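Q: Please take a close look at one buried charged side chain in this model and describe its surroundings. Then place that site within the fold as a whole.

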Amino acid sequence: MLSWTALITEPAMLVLMGVAFVTALVRGFSGFGAGMLFMPLAGALFDPKLAIVMIWMIDSVPAFPILFPALKKCVWREIIPMAIAAFVGVPIGMYLLKTADPVPVRWTISLLTLVLAAALWSGWRYRVRPNMPTTLGVGFSSGFLGGFAAIPGPPVLMFWMSGPASASVARANIIAYFGILMVLNGANLFAQGFITLESLQRSLILAPIYLAGVLIGNRMFGLASEATFRRIAYALIIVFALLGLPVLDSVLG
């Protein structure tokens with residue numbers, strides 16, 4: 001077991017605490033963006049395999065209060081096919097993360113984050129009518145991205161926000177789907193040996209900071225328009241993704 005004092009005072013861990021707090025503020029306000037903010041910088045400060053465990057652990061608990069109400073509103077016939085496809089995509093993405101060299105993985109995570117953040121910011125949506133092949137493709141890509149980089153959100157957000165469902169039903173579908181994906185990711189993290197004592201220790205340090213950030217972010221909801229805050233969130237995601245590029249390692253010391 002690593003020394004708790006050494007972990008808490010470690011320079012990289014101190015930076016990660018700040019990253020976790022900013023990530024949680026965005027998560028608490030907007031309900032998304034945790035992996036897109038956390039993974040590029042956490043993967044630069046530590047190994048991406050360690051980073052994906054930490055974001056799964058610290059982001060799981062705050063999801064439960066909004067998950068159970070969504071389960072009553074969501075449309076299961078739309079969620080189940082997507083979840084089945086994600087069931088296939090998650091272990092493939094996680095296996096690539098486990099076996100690939102960390103530096104190319106970090107390049108891929110940062111560049112994917114930049115592309116997906118730009119797509120969300122632009123307001124681009126799927127322009128085809130949702131059908132089963134599209135639904136399965138979205139589920140697989142979301143599962144793969146969730147397993148590989150902890151960024152499952154953009155394909156699902158762009159898909160359900162483009163459909164004919166009301167905003168409340170689309171939101172419930174997204175929350176319920178992410179709840180299922182959270183379980184899938186956790187099962188695969190355990191099955192593929194990602195969970196270590198170090199990941200548990202670091203996650204326990206980050207958890208109260210992250211929870212406080214989520215609660216503060218939730219309280220900030222009425223202080224600015226959603227459009228303004230989303231612009232700030234996307235800008236932060238892009239900055240974090242750029243800082244996570246291996247070519248800028250010197251910036252992080």
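A: The answer starts from a single arginine and works outward to a helix pair and the whole chain. The model is a predicted one. Arg27 sits in helix α2, which covers residues 11-30. Its relative accessibility is 13%, and because the limit for buried is under 20%, Arg27 counts as buried. The side chain of Arg27 makes a polar contact of 2.9 Å with the side chain of Asp59. Leaving aside residues up to four places away in sequence, Arg27 touches Asp59 along with Phe32, Ala34, Ala63, Ile66, Tyr210 and Val214.

Helix α4 spans residues 48-73, and its axis comes within 8 Å of that of helix α9, residues 167-191. The two axes cross at roughly 145 degrees, and the crossing is left-handed. Ala63 and Ile66, both touched by Arg27, are also among the α4 residues that meet α9. Others on the α4 side include Trp56, Phe64, Leu67 and Lys73. From α9, the participants include Ile175, Gly179, Met182, Asn185 and Phe190. By type, the residues of this contact divide into 15 nonpolar, 4 polar and 1 charged.

As for the whole protein, it has 11 helices and 0 strands. Of its 253 residues, 50% are buried. Among contacts with a separation of 6 or more, 84% join residues 24 or more positions apart. The C-alpha trace spans about 50 × 40 × 35 Å along its principal axes. The radius of gyration is 17 Å, which agrees with the value near 18 Å for a compact globule of 253 residues.

Technical notes. Residues are numbered from 1 along each chain as its sequence is written. This is a predicted model: local features need pLDDT of at least 70, side-chain atom pairs count only at pLDDT 80 or more; totals for chains, interfaces and linings use all residues. Side-chain values use heavy atoms; hydrogens and water are left out. Helices (H or I, at least four residues) and strands (E, at least two) are DSSP runs, numbered from the N terminus. Buried means under 20% relative accessible area, exposed over 50%, partly exposed in between (1.4 Å probe, protein chains only). A polar contact is a pair of N or O atoms within 3.5 Å; within protein, one must be able to donate a hydrogen and the other to accept it, and residues adjacent in sequence count only if both atoms are side-chain atoms. Contact means heavy atoms within 4.5 Å. Axes are lines fitted to C-alpha atoms, for helices over the stretch in contact, and angles run from 0 to 180 degrees between N-to-C directions. A crossing is left-handed if the near helix is turned anticlockwise from the far one by less than a right angle, and right-handed if clockwise. Ala, Val, Leu, Ile, Met, Phe, Trp, Tyr, Cys and Pro count as nonpolar, Asp, Glu, Lys and Arg as charged, and the others, Gly among them, as polar. The radius of gyration is taken over C-alpha atoms; the globule rule is 2.2 Å times the number of residues to the power 0.38.
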